[in-house]
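Hi everyone, thanks for having me. Today I'd like to walk you through the empty spaces in a protein model, so let's put it on the screen.

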Amino acid sequence: MAKKEVVAMLLAGGQGKRLKGLTKSLAKPAVYFGGTYRIIDFPLSNCSNSGIDTVGVLTQYEPLVLHSYIGIGSDWDLDRKNGGVYVLPPHEREDGSNWYRGTADAIFRNLNFIEQFDPEHVLILSGDHIYKMDYEKMLQYHKDKDADCTISVIDVSLEEASRFGVLNTNDDYSIYEFEEKPPEPKSTLASMGIYLFKWDVLKRFLIQDEQQASTSYDFGKDIIPLLLENEKSLYAYPFEGYWKDVGTIRSLWESNMDLLDEDTPFNLNDPDWRIFTRNPNQPAQYISPSAKVRNCIISEGSIVHGEVNHSVLFYGVEVGENSAVIDSVIMPRVKIGQNVRIYRAIIAEGLVIPDGTQISPAPEDESDILLVDQEELERQLRQGITSKA
Amino acid sequence: MKQLIGVINLDHELEELKELTYFRCGAAVPYAGRYRLIDFVLSNMMNAGIESIGVFVRRKYRSLMDHLGDGKPWDLDRKHGGMFILPPDWNDPTDTSQGDLQHFHNNLDFFHRGAGQYVVHAGSRHVTKADLQDVYRYHISKGADVTLVCKKVDQLLPEHDACVKVDHDGDGNVVDIHQSANHPNIYTEIFIMEKELFLRQVQRCIDHGESHFFRDVIQKNPDGLNIAAYAYDGYHAVINSIDSYYRNSMDLLNTGQYEQLFKEDPIQTKIKYEAPAKYLDTANVKHSLLANGCIVGGEVEDSILFRGVQVAKGAKIKGSIIMQKCYIGEGTVLENVILDKDVKLTGGQTLIGDRSNPYILAKSTII
């Protein structure tokens, strides 16, 4: 294999429990976002746009959809003779077989994969976030600082900081302390889960961590503290721009809604930073004479006869006459009948919503977002929480 | 289907669409919001499992080559066979062939290398969803030498005048081929015949100084071939004038036509990575087709917007076809207009055409 300056390792094995029904049979990185994408399109497109052509994707939880989705990586221009995308599920070895026990363990067990490219640096990414980032700039910063490890950080509010891993830094952004979800944060620099390591340093500490008795094999909890203990040079790389953890139904909904603003903080139409995705290849969308579409994004193959307001419609969605979709996210190939009202909901892929169905969060919790999967739809129709006309 | 090889013969297709065919051949003209005319015939061939296809081009094919690339969208990037774009690069000093026979004579290797024993011939002007496997089965069951795919139209339209018409005996045996007006049974420029027979007839034509395969072999039929007609009954549009282009495009806004063209087998095209269409708060869109990548702030009615079109607030578009990446500035009014790719209207313009004669702006015009 030809030598690579940097190899990216994308952690895509997580379940994303808080996404409930959306991750019943697929891993979180495969969850749909933004009318035509899956979450993993963002880090993969970032790699492609940043000129990183060697990416290992670590899978574990329900990998079927992810594996077939990634394929040979041609949609992200990652079908390369030298490098390209590699799907790396856990595998049996001479010394036994184990699942990946943590993020660090997943990398440790693929040392051989990384070694074949003899890289200077390894970039650790996760498949949980919506953002556009030029990793090339981060690499330049990492090299300028001659850091052993550079962690990308985003400035959050003090209240929010306690939900994140927080990095306490000196004026030059050198890190002296890492605190996981501190009740009283000393800094507002939240880790984005993007780490750039010198490979020889990372390798040494991965091996060391594996030998520790009490480890959780986690980058945030174990590897970073271990590096700090050993007085390695760690720097925070301040990122400015849109970044959202879409780990909950609410944050997934919010992030979709962020796309609707006219001056959206997250522009998907930038010709210089395309977000690549597996193209569903659908015909142009049809907006009928009776339709009312406003303040929304709609993808190809959709047929709209009703009203769509402040919502995201994926491809192949149908909205019948006199139906209204408001403040909602409708995933691919959902068929919405006539006289349906959907308010503040995420409708899972492929559902058929019968004529006259009313879907909204329970009245006592107007701020809630209702996730409707097959089970929930049946439950609601049965219990009459949604009233059938 | 390994028995079939595809021939897309663009030799006779003149550049009939005014400004839209100034710089490209008819097969490369954008259609239906995100396709090019050639996508329909290629997708029909793909859906029939045809893996070896020759595209015979003569003029203005740069844009077509760019669109087709290596044939990947149609699964034609194959190790054996695949798609061959065969331009008129001919260097045989003994060659005496003329007309479309030049293509066949100079590309005999394409026919010999393809494993298929039958040739499916088509052009790009007739947009259909013909099931070519079914045509093949019919051809075999009829024991015919040639099978022509015909569409009996309900209503004769101006574009049908120039089409070839077919008479048969009611059992699908062709008795006459002609060009009379006011005849509803239209030849779709799709035929199927055995490869060896096809090549023998190519040689016979060349030996006799003939220049038009369909006319000299099938229509005149000097060898008394047994010709069958396959009755096709699906979506059909003939695009051979601006009038027919505009009218058939607009007809796709009728859901019946849209579903006929798109519901069953998918139509493949070159992939672009555009975000979904975005409708701003001020958007007012009705009775229209929009592709991804559009951003709409104005009014759009009875129109087709291709990929990446931007319509500023306060712009009004009606009865128009707006191709890829056009920008329609604030206060612009468009009615019955066709804008080719990359047209930029900076704002405040009023362009009004007539439904029977839409106003056309050529590619990359800036006003």
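The residues lining the largest cavity divide into 4 nonpolar, 5 polar and 5 charged. Please keep in mind that this is a predicted model. The volume of this largest cavity is about 100 Å³. Which residues are closest to its centre? Of the 14 that line the largest cavity, the closest to the centre are A:Asn279 and A:Glu300 from chain A, together with B:Lys272, B:Glu274 and B:Asn292 from chain B. And how many cavities of 30 Å³ or more does the structure hold? The count is 6.

Now let's turn to the pockets. The largest pocket has a volume of about 1,500 Å³. There are 49 residues in its lining, and the closest to the centre are A:Arg18, A:Lys28, A:Asp128, A:His129 and A:Asp245. If you sort the lining of the largest pocket by class, you get 14 nonpolar, 19 polar and 16 charged residues.

Where in the chain does this lining come from? Several elements of chain A each supply at least two residues to the largest pocket. Among them are the helices H3 (103-108), H8 (219-229) and H9 (249-258). The strands include E8 (149-155), E10 (175-180), E11 (189-198) and E13 (243-245). Which of the elements gives the most? That is E11(A), with 4 residues in the lining of the largest pocket.

On to the second largest pocket, which holds about 800 Å³ of space. Its lining has 30 residues, and those closest to the centre are A:Ser74 and A:Asp75 from chain A, plus B:Lys72, B:Pro73 and B:Ile271 from chain B. Here helix H2 of chain B, residues 62-68, gives the most to the lining, with 3 residues. By class, the lining of this second largest pocket has 10 nonpolar, 9 polar and 11 charged residues.

Before I stop, let's zoom in on one residue. B:Gln257 sits in helix H9 of chain B, which covers residues 255-262. What does B:Gln257 touch, if we leave out residues up to four places away in sequence? The answer is B:Tyr235, B:Asp251 and B:Leu252. You can also find B:Gly234 on the screen: it is 23 residues from B:Gln257 along the chain, and the C-alpha atoms of the two are separated by 9.6 Å.

That's my tour, and I'm happy to go back to any of these views with you.

Technical notes. Residues numbered from 1 in each chain as written. Chains lettered and ligands numbered in written order. Predicted model: local features only at pLDDT ≥ 70, side-chain atom pairs only at ≥ 80, totals over all residues. Heavy atoms only, no water. 1 Å grid on protein atoms, 1.4 Å probe; cavity = no way out; pocket = protein on both sides within 12 Å on 5 of 7 lines; lining within 4 Å. Points joined across faces, edges and corners; volume = space filled by probe spheres on them. Nonpolar A, V, L, I, M, F, W, Y, C, P; charged D, E, K, R; others polar. Contact = heavy atoms within 4.5 Å.
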